[in-house]
Structures are given as C-alpha cells and as structure tokens.
Amino acid sequence: MASLLHAPSMFCSCSMKHFHYSYNNTSTKYTWGAFRAKSLSSELVVHSISMEYKSSYKQGGRRKYDCLLFDLDDTLYPVTSGLATACSDNIGEFMVYKLGIDRNVAFELGHLLYKNYGTAVAGLKAIGYEFDNEEFFSFVHGRLPYAKLKPDPVLRSLLLSLPIRKVIFTNADKVHAVKVLSCLGLKDCFEEIICFETLNLINKCTVSDGEDDIQLTTSRVTTGSSKIFDVISHFSQPNASASLLPKTPIVCKPDQYAIEKALKIGNIDPQRTLFFEDSVRNIQSAKIVGLDTALVGTSERIEGADYVLQSIHDIRDALPELWAAVKEL
C-alpha cells in the first residue's frame, strides 16, 4: 500500500481537504476592504481581512458573535501531526481490500471522488458501492495513530477564555471526533459536536415513547451485484461534466445544504457565527450560506475568507476583538 498511497493526503474527511480546487459562483460577489498584516514576535504573519460591508464588532450593544463554529481535523491540530497521511492510507486499504477496487486505480479514483463529492465515503456511495458506514469509519479511523496528538494547553486556555458558545462541525464520525478532542485535551471546551451521524440520520418506521427512533443510514457491502459508475472513464471523455455524475446520499461539507442543515440542527444563527475551517471549498460554501469565516493553516488571502490564520493558535492575534468584547461585558 505504501507505493500506492504515499502521495499527498487524498481520501479522508480529515485529510482530503488539502486539495484546493477553484470554487466559482458568479452570482456571489465580494467587495474586499483593506488588507492588514501584523508581524508577530515569531515573525509569523497573520492576515486579517475585513469586508467593506461589515459593521462594527459590537452591534446593538451586544457582541457580534453568539457562536464559534470549528472544523476538527487539520484545523484544531496541524496537518504535520501525520493523522492525515495515515487516514489516506487506511481509506486506500478499505477501497482495495473491502470493496475490491483495483490497486492501480484506487489513488486516481479517490482523487476524483474527493474533488467532486467532498469525502471518500460520499463519493463511493454515489457511484454505487454499498457498505456499512460504521464499518468504514471503524476501519479508517480505528487504526489512526492518535498518540501523535498531544494535549494543547495553549489552545485550551484560549478557548476557555472566551465565554462564547463553541461547536465542532466535522465530516468525520463522532467516535473519531471525541477521540481527537480527548487527545488534545479540548473535549470540555465545546458544547456540541455536529458530525457524520448528525447529518446522516433517518427516521425508522416504528414509533416508541412518542418519538421517532433514529438510526444511522447503513447498508452491507454488495459490490458484486451493484452497477458501479466508472468515474475515471467519465472524466476521460472530452467535455466531461461533473453535473452528469450520480448524486450521493451522504450529506457532508462542502455542500451548502450540509452547512445549512448543521446550522438548523445546532440552532445556530449564521449571521452571528464565525466558522473556523482549513478547507477553502468549505470556507467558500459557508460564506455563501451567510457565515463569517476564518481560514486556518495559511497566511494567503482567498476570496470567501474574512480572516486567515497560519495556525489556530493565532486566533487571538487575528481576532483580538473577541477578547475585547468579553472585557466590555
């Protein structure tokens, strides 16, 4: 597997986000204000980009943000941890050994699925592979080297110093999310986790205790009898269009519907929420939905991001107004 999957992280919800594809939406135009760069003592540059239409941080005598929404993987910890690479390797193995996908095409297939569907699980389900979601996540995340994640007292202190509601929003499963937060020592810093299970639940037909029973959408591996859509052949054709691809039953970022659904489930007002995320596509979808956004992991200015942070540790330098508002309360 090493020869196949040692290319940049490609397959996983916690790794594939680092393939940044252009996001074009001609109906959405942004007017950008002044660009400010502040050199830190470590010579790390943190850019804070303000949009001209923004009003002052405090509106109507109250702070601007009621909620801080955070992506998990490669946002709360750096990609250099190695989890992203391990996650990619595990998904590649799942594709080859559990779904019978040819090793020689697994990498290219994963690349196309991520580019067009956002996550490997969403893409695999879309093109016809049927498998148990819990089995997928157990295989992919169950063998991750979580020991590489260490407690982060600096980030913990920053988060706890802000008496603002904080919520995790990840494409990963809840077991993985809880494990990561526990390793980082941040589990009690967040009020809620919105994850794969949150967005992909269905109501059962039976009713008990006056409420609908809920179960995770699952299905067993049945690749032999299913018609698999050949994504690689599709895109090898002249003028191939992504609009002709089969739809996925999985709800996940960067789909705007997934973000809107997460906000509804979490009772989160997009106009009073700041979203921290390392994926450019997810940031741009969130901006269209109405969220203020902070791109983590770069100092490069991109359309759709109100702030950019080289590291999540730079949150106070990029957003001092969060703490200033707390002092005024």
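Reader: In which strand is the place of Thr 293?

Author: In this predicted model, Thr 293 belongs to strand S9, which covers residues 292-296.

Reader: Is Thr 293 buried or exposed, and why?

Author: Burial is read from relative accessible area, with buried meaning under 20%. Thr 293 has a relative accessibility of 0%, and therefore it counts as buried.

Reader: What does the side chain of Thr 293 reach, and which residues does Thr 293 touch beyond those up to four places away in sequence?

Author: The side chain of Thr 293 comes to 2.6 Å from the backbone oxygen of Gly 304. Gly 304 also appears among the residues that Thr 293 touches, a list including Leu 274, Phe 275, Ile 283, Ala 305 and Tyr 307, where residues up to four places away in sequence are not counted.

Reader: How many aromatic pairs does the structure hold, and how is such a pair described?

Author: One describes a pair of aromatic rings by the distance between the centres and the angle between the planes. The structure holds 9 aromatic pairs; one of them, formed by Phe 70 and Phe 276, is stacked, with 4.6 Å centre to centre and 5° between the planes. This pair links distant parts of the chain, since Phe 70 is in strand S3 (residues 67-70) and Phe 276 is in strand S8 (residues 273-277), 206 residues apart. Both Phe 70 and Phe 276 are buried.

Reader: Which residue lies over the face of Phe 139, and which charged end sits over the ring of Phe 169?

Author: Arg 143 lies over the face of Phe 139, 4.1 Å from the ring centre, while the charged end of Lys 253 sits over the ring of Phe 169 at 4.7 Å from its centre. Phe 139 also belongs to one aromatic cluster with Phe 94, Phe 131, Phe 136, Phe 137 and Phe 196.

Conventions: Residues are numbered from 1 along each chain as its sequence is written. This is a predicted model: local features need pLDDT of at least 70, side-chain atom pairs count only at pLDDT 80 or more; totals for chains, interfaces and linings use all residues. Side-chain values use heavy atoms; hydrogens and water are left out. Helices (H or I, at least four residues) and strands (E, at least two) are DSSP runs, numbered from the N terminus. Buried means under 20% relative accessible area, exposed over 50%, partly exposed in between (1.4 Å probe, protein chains only). A polar contact is a pair of N or O atoms within 3.5 Å; within protein, one must be able to donate a hydrogen and the other to accept it, and residues adjacent in sequence count only if both atoms are side-chain atoms. Contact means heavy atoms within 4.5 Å. Rings of Phe, Tyr and Trp (its six-membered ring) pair if their centres lie within 6.5 Å; planes under 30 degrees apart count as stacked, over 60 as edge-to-face and the rest as tilted. A charge sits over a ring if NZ of Lys or CZ of Arg is within 6 Å of the ring centre and within 35 degrees of the ring normal.
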